[in-house]
Amino acid sequence: MPAIDLLDGVVDAEAWRAWARRMRRALDDAAVPPADAVVLLPFAELLPVARGAFAALGGWQPRVETTHTLADALGPPPVRVPEAPSGDRVVDRLVAAALLRARDGSAAWARRDPRGFDHAVDAVVDAAHALMHAVAAQPPGQRQAWWQRARALLAPIEGPGRTERLLARVAVEWAALDDVQPTDRLWAARPAAWVTVAGVGADALVSSLAAHAGVPVVDVRLAADAASGFARAAPLPPPRRLVCDGFEDEAEVAAAEVLQAVQDGATPVLLVALDRALVRRVHAMLERVPGLRVHDETGWRLSTTRAAARVMALLRAAAPDADADAWLDALKADAALPVATVTAIESAWRSGRTLDAGLAAAWAAQRHRLAPLSTPGRQPLHDWLRALATVLGAPAADPAAQQVAATLRLGDDDTDAAWRTVARETRLDRAGFVAWVDAALDAATFRPPAPAQPHVVITPLARALWRPFGAAVCPGCDGSRLGAAVAPDALWSDAVAAELGLETAAQRREREAVAFAQLLRAPRVVLLRRRSDAGEPLGPSPLVERAWRARRHAGTAAPPEQPPRLTHRTVRPQPPARPAPRWPGPLPSRLSATAVQALRDCPYRFHARVGLGLREADELDAEVDKRDYGTWLHAVLLRFHQQRGAPRDTATDLAALASAADAAGDELGLDAARLLPYRAAFDAIASRYVQWLHRRDAEGWRWQAGEVERERAADERLPLRLGGRIDRIDDGPGGAVALIDYKTGSPAALRTAVREPLEDTQLATYAALLGERPPGRAVHAMYLALDDREAPVEIVHPDVAATAQGFIDGLAADLREIAAGAGLPALGEGAVCTHCEARGLCRRDHWSADDGAAAGAA
């Protein structure tokens, strides 16, 4: 029977109904009852469109299928050879890796260059799948000859390309293990007529079926070639061409065009996924629109779903060396564990408290639950997956959780002989199993269920062919994404591919050109591109230029590129005012030196820390940071001075310091390797510290106490208690006393702090905590900088006793004003704002220009 071309013009529902009428007439002319004919479409997305077009005609309808849906409907899948490629990438990567490792020298290659070995595995899997697809188009009786031709064309060679040929030969021999293909049932089918519908390029299997059918064949061409496709699109209204400045500009314009089409009623709107990164950005913008239904047919990586994240969190927590952060991730991922329990465990860990009985029991139950995933040594993949399935339990109703279970074959390893074999023969240690799960989830694509009657459909260009969309928005129409050069196959040349019936680079380019030509036949088309990408200039796509040449040849207008015209709306700025809350309730009965420092730094910080009781959660990671170093250093010096007693020689003091450093690290549970950089810095200043200490010994100073908790009682001057911890108190000549505060910060910053004594809160607070001193007994105070090239460095606070008196009077006055209802404003000034944990709460970065004019360095 003659070939039938689809009608010219715009692709819409009416075009499909006209096509169905022509199909019906062609079958009537051939005296073929429509109910006995089979229509084979190029891809599944066209099934509802074609079936709906035939249904609109009424009467008996042909069977409308793709080759795969028809093969599935004709009976159960054939029994495959377990060692042959299954077509499933998760399974086949394991088999291919085992095949390559079995070759001489490949095991060493895998150890020496694991990433290169993984690339080779991927190339072998891709090649084997391509060969399986090609051989499926051969009649069963001709396949052995086809395999012999493939072996001859891909025979090993010496010199350049030897590795690629060897990998290709592995793929050939692996794919040739099984002569049965899932679509082989089609060769035995005998409909009254085949109606073959060619989409973007010819389908080799469909063409072969038609050639060997022995029944009437109606050859329908949706798109014969790119040249005729561009010619058919030329008389239609021209697309709009928009050129944008950069990535974000193009994403915003694409989203605006999609929304405008929806608003105009031109639904469903096609958003072509040429540039996946940009389309993801557009999708994120569209999801913010209330009521807009978006269906992403391209999906996204399964590894990014919450269900996959839960699996990986449990696996990481099961590691023998898992830290508290990994365990918290796992606890939070467990929906069966009450949120209050997880919160209580986290709070206890961050504060260093011991878990109470109930929390300890919950924590022990989780550890026991994950114990099967902590098994040391190597074991079959089957056993690992069985343990993981036990830990996870039945998958939830969430589609992503169900796909995770299906991808990892959890509880489904007895239904597929190929999988059963590879799962029992592949042995992995715990780290290898975690890496395999991570790779399997990352390789799978999650496609959420389609919403009813979506407003927007996101799909690749090839899958958009001849679907009746109301409008099409195609971002990424630049020279690097549309019509760009096609990379050759990894393991064979185009000449070999053409000889074996595999797709060549030229055919891939033609497929893309045909699909783009058909896109131009949508009722409303917008083509977008950007001028540059990461600083590299971009030109228009060669396919767009080809379409424009066709329009000029047909005597129709070829529209120029235009800048986008977005709708602008003027919004009056409404920045938040600088906050100045009042104290929430009665004043506290006690203030610490840290709280007083917060009040002096910024009243709002005082409000957040003391009034609201807010604090940052402590980190749980095992890294030793500057705070841990400071804690350790204080513990070292306290232990050293508690044991020192009377002055002694330099060697003894240095040995005692080293011993105290070791003991303090063990007492605090700090990992010696992680502490090593700080320990080296301390060892470098130890001798200078001992020299400084001996000079103080000679001056008559003696260590009295360290880490001393002191409290000043409330009185008529300050009606609340004032508390704090003094790092060190020394006794000196004539009954003098010295208050010393160890610091690991910059000496320059400390000098700035004491330059204006009334601004130095910490040492003044310590002096106030000492109380009144007898006449003639002086009070000295200083910071001792221990983390400097010249350390130890003394930064003395002059006349700290007088400063303490003024400090108490000033603090009392401030507290009286707060109690009377004075506001606690956020100052927004100085370096305090840079690392303030309340900055987001006070909205410092969102004040108006007038309110923030004094921000300075903040």
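**Exercise 1. Aromatic rings**

W16, W19, F54 and W466 form one aromatic cluster in this predicted model. Work out how the rings of W300 and F446 are arranged, and what the pair connects.

*Solution.*
Step 1. Start with the total: the chain has 17 aromatic pairs.
Step 2. Take W300 and F446. Their ring centres are 5.7 Å apart, and the planes meet at 65°. Planes over 60 degrees apart count as edge-to-face, so W300 and F446 form an edge-to-face pair.
Step 3. Place the two residues. W300 belongs to strand 9 (residues 300–301), and F446 to strand 12 (residues 445–446). The pair therefore ties together parts that lie 146 residues apart in sequence.
Step 4. Check exposure. W300 has 28% relative accessibility and counts as partly exposed. F446, at 7%, is buried.

**Exercise 2. A second pair**

Decide whether the rings of Y629 and Y678 are stacked or edge-to-face.

*Solution.*
Step 1. The centres lie 4.9 Å apart and the planes stand at 20°.
Step 2. Planes under 30 degrees apart count as stacked. So the pair of Y629 and Y678 is stacked.
Step 3. Y629 sits in helix 27 (residues 626–644), while Y678 sits in helix 29 (residues 672–698). The pair therefore links parts 49 residues apart in sequence.
Step 4. Y629 is buried, with a relative accessible area of 1%. Y678 is partly exposed, at 21%.

**Exercise 3. A charge and a ring**

Find the ring that the charged end of R409 sits over.

*Solution.*
The ring belongs to W419. The charged end of R409 is 5.1 Å from the centre of that ring.

**Exercise 4. An open sheet**

Describe the open sheet of six strands, then find its edges.

*Solution.*
Step 1. Read the order: 6-15-14-7-13-8. The pairing is parallel.
Step 2. Look at the ends of the order. Strand 6 (240–244) and strand 8 (294–296) each have a single partner strand, so one side of each has no neighbour in the sheet.
Step 3. Add the twist. On average, neighbouring strands are turned by 15° against each other, direction ignored.
Step 4. Zoom in on one pairing. Strand 14 (residues 471–474) and strand 15 (residues 525–530) are joined by three bridges. V473 has V526 in strand 15 as its bridge partner.
Step 5. Add a helix. Helix 12 (residues 247–263) lies across strand 6, strand 7 (269–272), strand 13 (456–459), strand 14 and strand 15. Helix 12 runs at about 170° to strand 15.

**Exercise 5. A helix and its neighbours**

Which residues of helix 15 (residues 324–333) are buried, and which helices do they pack against?

*Solution.*
Step 1. The buried residues are A326, W327, L328, A330 and L331.
Step 2. The buried residues of helix 15 pack against helix 14 (306–317), helix 16 (339–351) and helix 17 (357–370).

**Exercise 6. The whole chain**

Why is the chain called more spread out than a compact globule?

*Solution.*
Step 1. Count the elements: there are 33 helices and 23 strands.
Step 2. Compare two numbers. The radius of gyration is 38 Å, whereas the globule rule gives 29 Å for 858 residues. The first value is well over the second, so the chain is more spread out than a compact globule.
Step 3. Look at the spans. Along its principal axes, the C-alpha trace covers about 125 × 65 × 55 Å.
Step 4. Check burial: 45% of the 858 residues count as buried.
Step 5. Check the contacts. Among those between residues at least 6 apart in sequence, 74% join residues at least 24 apart.

Key:
Residues numbered from 1 in each chain as written. Predicted model: local features only at pLDDT ≥ 70, side-chain atom pairs only at ≥ 80, totals over all residues. Heavy atoms only, no water. Pairing = 2+ DSSP bridges. Helix = DSSP H or I, 4+ residues; strand = E, 2+ residues; numbered from the N terminus. Axes fitted to C-alpha atoms, helices over the stretch in contact; angles between N-to-C directions. Contact = heavy atoms within 4.5 Å. Phe/Tyr/Trp six-rings, centres within 6.5 Å; stacked < 30°, edge-to-face > 60°. Buried < 20%, exposed > 50% of the residue type's maximum accessible area, 1.4 Å probe, protein only. Lys NZ or Arg CZ within 6 Å of the ring centre and 35° of its normal. Rg over C-alpha atoms; globule rule 2.2 N^0.38 Å.
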